[in-house]
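Dear colleague,

I am handing over the structure we talked about, and below it I have written down what was found in it. Please keep the structure open beside the text as you read, so that each residue can be looked up in turn.

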Amino acid sequence: MDIKQQIETLRDELRKHNYNYYVLDNPTISDFDFDVKLKQLQELEAKYPEFYDASSPTLRVGGEVTKNFETVAHEHRMYSLDNSYSKEDLLDWETRIKKQVDGEVQYTCELKYDGASISLTYENGQLTKAVTRGDGFQGDNVTTNIKTIKSVPLQLKGDFPPKFDIRGEIVLPFEGFNKMNEERIEIGEEPYRNPRNTASGSLKLQDSTEVAKRPLECLLYNITGTNLNISTQFESLEKARAWGFKVPQAAKLANSIDEVLEFIAYWDEHRHNLPYETDGVVIKVNSLYQQEELGYTAKAPRWAMAYKFKAEQVSTRLNEITYQVGRTGAITPVANLEPVELAGTTVKRASLHNADQIAKLDIREGDEVYVEKGGEIIPKIIAVDLSKRPADSKPTEYITHCPECNTELVRTEGEAQHYCPNYNGCNPQIIGRIQHFISRKAMDIDGLGGETVALLVNAGLITNYSDLYELTVDQVLPLERMAQKSAENLINGIEASKQIPFERVLYALGIRYVGETVAKKLVKHYKTIDAIKNASEEELVNVDEIGVKIAESVVAFFASEANSSIIERLKHFGVQLEISAEKLANQTNKLEGSTFVVSGVFTSVSRNELKKLIEDNGGKVSSSISSKTSYVVAGDNMGPSKKTKAESLNISILSEEEFLSMIR
Ligand code: AMP
Ligand code: ZN
C-alpha cells in the first residue's frame with residue numbers, strides 16, 4: 001500500500017470509530033487500539049505533510065492557539081425563539097398560524113438543549129467554518145476549537161448537499177461536567193457553576209488543546225441553505241443524522257397541540273434522565289413550505305415556539321446550617337433540609353456557598369426556604385419564605401472558629417471562602433491531604449483507598465503523607481477489613497510509589513493552586529525540589545504561566561518548617577524529588593533567553609515535537625511574532641503575513657535543519 005493510501009485508510013477507520021463512539025455511543029474498538037491507530041496517523045502526517053487534510057481526525061486533539069477570534073457575518077441570520085409557558089400560549093400560537101397558512105399543520109417537537117448555539121458551515125462535505133451565535137447577525141469564528149469536539153463530523157458521509165449551514169447546541173453533559181469539577185476542587189479551585197456557562201466559555205478558550213480535553217458534545221437541530229431538497233423539519237433531522245451528525249432521537253411528530261402537550265408532559269418528567277441539560281421543548285411547524293409562508297418577526301421565526309419547563313422548585317424547612325472543612329482548609333456552609341422530593345430525587349442538603357451568600361439571602365435556621373434544581377447538580381436555595389419565619393428567629397452568625405479543630409478562621413481579602421489555617425492539626429485537612437497524595441493522578445497507590453487513610457490517621461499511625469513510607473504490615477493488619485493479603489498489597493503499593501516521576505510527586509504534595517499542569521511547568525523549569533524551594537516569588541512569577549497567586553502559595557508552602565521536614569523524610573525514603581537522569585539528558589539550556597515562533601509544516605518532526613524541543617532546551621515558544629521574538633522557525637507553507645512581519649522586524653528565520661543543528 002502506498003503512503004497516501006495508508007494515511008487515507010487510517011483516517012477512514014478513525015472517523016468511523018469516532019462516529020461509533022461519539023455519535024452512536026457504541027464503540028467497537030478499545031480506547032487503547034484507537035490511540036495506537038491515532039498515533040500511527042499522527043506520525044505519518046508529520047512525516048508526509050504533503051497529504052495534509054483539514055478534516056483529518058488528528059485535528060481532534062487540538063494544538064492551535066487563537067489569540068483573537070475573528071468576527072464573521074452569518075450568511076443566514078441566527079434568530080432567537082419566542083417563549084411560551086402554558087397550553088393557552090400554545091393554542092394562541094396555533095390560531096395565529098392557522099390564519100396565515102392553508103391546510104393541516106403538523107409539528108416537530110424537539111428538546112431544547114441548554115448550551116451554547118453554534119452555526120457550522122459545510123462545503124463539499126467538509127466542515128469549513130464554525131461560528132458562535134453572537135448577536136445573531138455576526139459571531140466569532142471558533143472553528144479550530146469546534147474541530148476538537150468529537151461528535152462534530154469533519155467529513156460527512158452519504159448524500160449531502162454541496163453547501164449548507166447546520167445549527168446546533170454545544171452542551172457539556174453532566175458526567176463530564178462533574179468530573180471537571182472534581183478535578184478543580186482537588187486543586188483548590190472554585191468549581192464551575194453550571195454546564196451551560198462552562199460550555200459557552202469553552203468555545204472561547206484560546207488553546208484548542210484545552211477545549212479538546214473537555215467532554216463537549218454538539219447536538220444539531222436545524223439545516224439552512226438553498227436547494228437542499230428537503231421538505232420538512234423532521235426530514236431534515238433524519239438527513240442530518242444520516243450524514244453523520246448527532247441528532248437526539250427524542251424528536252417526534254405531532255398532529256395537534258394536544259399531541260404537543262403530551263410530548264411536553266412526557267419530557268417534563270423524563271428529562272431528568274437525560275445525560276445533558278434541557279430547559280424546555282421547541283415546537284416547529286413541520287412543513288418547510290409553511291415555514292416560508294409564516295416567515296419571521298424582527299427577532300424570531302413565526303413557525304417555531306419554545307416551551308420553557310418550569311424550574312423545579314419546592315419549599316422545605318432548613319433544619320440546620322453545618323460547616324464542612326475541605327482538604328485545603330476551605331469552609332463550606334451546608335444547609336441541612338427537611339427531606340423533600342425534587343425533580344425525581346430526595347433532597348436533604350443544599351450548598352450555601354459562603355458567608356456572603358447566606359447574608360445576601362438572610363438565610364436562617366428554622367426558615368422555610370425555596371429550593372430549586374436548575375443547571376447545577378447540587379440544589380440551591382433561592383429564597384426564604386419570610387411569611388413563615390418563626391418569631392424568635394435570629395440572623396445567622398457565621399462561624400468564627402473551625403468546627404473540627406476550633407482554630408480561629410481567616411478570610412483573605414478578595415476571597416469568598418473562609419479558611420481554617422491549622423494546616424497541620426486539623427483532621428479533615430490532614431486526611432484530605434493524604435487522600436490527595438495517594439489519588440490516581442498523584443502517587444496512585446494501589447491497595448490504599450480514601451477510607452483506609454482516615455482509619456490510619458484516626459488510629460494514630462500516620463499524621464502526614466511521609467509517614468506512609470514507614471508503615472509495616474503488622475501495623476495495618478489490625479485495621480478494619482484488613483487481612484494479610486490486603487495489608488501486604490498496601491505496603492507493596494506504597495513501596496512502588498517511590499518510582500512515580502517527580503512531576504506527579506510535586507502535584508501530590510497538594511500545594512494550593514499547583515495542579516497537574518502547573519506541577520509539570522515547575523518541574524520542567526526547576527528540575528529539583530530544592531531549586532523550587534529556593535526560588536523567590538519574583539523568580540517564580542517569571543516562569544511562563546506562573547502567576548502571583550501560585551508563586552505566593554509555593555513560597556508559603558516551602559517556608560513552613562513542617563513541610564520542609566516532611567519533604568526531607570520523603571527524600572530519605574527514596575521518593576522521586578528531582579527529574580530523572582534520563583529526562584535530563586534530553587534537556588539543555590542552549591536556547592535560554594530566546595523566544596521562538598513556529599510556523600508552517602515540518603518534515604522530520606511534528607509541530608508539537610518541535611515546540612517541545614524548544615522548551616526542553618530552555619527556549620520559550622510564543623504564538624505571535626513581535627519585537628520580543630528571537631527566531632521564527634519556518635517549515636513549508638509558512639503564512640505570508642507572518643513572513644512579512646518577521647522580515648519587517650528583522651527577525652531571523654530559521655529552516656527546520658538550521659534549528660535542529662542549533663540544539664545538536
Ligand atoms: P433563547 O436563547 O431562549 O432565545 O432560545 C433560542 C435558542 O435555543 C437558540 O438560539 C438555540 O441555541 C437554542 N435551542 C436549543 N435547542 C433547540 C432546538 N431543538 N431547536 C431550536 N433551537 C434550540
Ligand atoms: Zn480546622
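R133 is partly exposed, because its relative accessible area is 31%, and a residue counts as buried only under 20% and as exposed only over 50%. Please keep in mind that this is a predicted model. R133 lies in the loop between β5 (126-132) and β6 (138-140), and once residues up to four places away in sequence are set aside, R133 touches H74, M78, Y79, S80, S117, Q138 and G139.

R133 is also one of the positions that an unreviewed UniProt entry lists under "binding site", together with D31, F32, D33, F34, D35, S80, L81, E110, E169, K284 and K308. These positions are spread over 278 residues of sequence, and they are spread in space as well, with up to 44.1 Å between C-alpha atoms. The annotation may be inferred rather than shown by experiment, and I would read it with that in mind.

K308, which belongs to that list, is found in strand β11, made of residues 304-308. With a relative accessible area of 24%, K308 is partly exposed, and its contacts, leaving aside neighbours within four places in sequence, are N83, S84, Y85, K112, D279 and G280.

A second UniProt "binding site" feature, again from an unreviewed entry, names C402, C405, C420 and C426. These four span 25 residues in sequence, yet no two of their C-alpha atoms are more than 8.6 Å apart, so they gather at one spot.

Two of these cysteines are worth following in the structure. C405 sits in the loop between β16 (380-384) and α12 (427-438), and C426 is placed in the loop between β16 and α12 as well. Is C426 buried or exposed? C426 counts as buried, because its relative accessibility is 0%, whereas C405 is partly exposed, with a relative accessible area of 22%. When neighbours within four places in sequence are left out, C405 is in contact with C420, N422, G425 and C426. Counted in that way, C426 touches V325, C402, E404, C405 and C420, and the list for C426 therefore includes C402, C405 and C420 from the annotated group.

Elsewhere in the chain, L219 belongs to strand β8, which covers residues 217-224. L219 is buried, with a relative accessible area of 0%, and beyond its neighbours within four places in sequence it is in contact with Y113, G168, E169, V171, K246, P248 and Y276. Among these contacts, E169 also appears in the longer "binding site" list from UniProt. How far apart in space are L219 and Q357? From C-alpha to C-alpha L219 and Q357 are 35 Å apart, while in sequence they are separated by 138 residues.

N178 gives another example, this time in a helix, since its place is in α5, residues 174-186. At 27% relative accessibility, N178 counts as partly exposed. The C-alpha atoms of N178 and P191 are separated by 9.2 Å, and the two residues are 13 apart along the chain.

Towards the end of the numbering, the UniProt annotation "domain: BRCT", which likewise comes from an unreviewed entry, covers residues 586-664. The end C-alpha atoms of this span lie 11 Å apart, and the span is 34% helix and 19% strand.

Finally, here is the chain as a whole. Its secondary structure comes to 25 helices and 20 strands, and its C-alpha trace spans about 85 × 80 × 50 Å along the principal axes. A compact globule of 664 residues would have a radius of gyration near 26 Å, and the chain has 29 Å, which agrees. Of the 664 residues, 47% count as buried. Among contacts in the chain with a separation of 6 or more, 68% are accounted for by residues 24 or more positions apart.

The accessible surface comes to about 33000 Å², and 48% of it belongs to carbon and sulfur atoms. The chain carries 78 positive and 99 negative side chains, and the centres of the two sets lie 2 Å apart.

With best wishes

Methods: Residues numbered from 1 in each chain as written. Chains lettered and ligands numbered in written order. Predicted model: local features only at pLDDT ≥ 70, side-chain atom pairs only at ≥ 80, totals over all residues. Heavy atoms only, no water. Helix = DSSP H or I, 4+ residues; strand = E, 2+ residues; numbered from the N terminus. Rg over C-alpha atoms; globule rule 2.2 N^0.38 Å. Buried < 20%, exposed > 50% of the residue type's maximum accessible area, 1.4 Å probe, protein only. Contact = heavy atoms within 4.5 Å. Areas by Shrake-Rupley, 256 points an atom, 1.4 Å probe, with all protein chains shown as cover. Lys, Arg positive; Asp, Glu negative; His and termini not counted. Charge placed at Lys NZ, Arg CZ, Asp CG, Glu CD.
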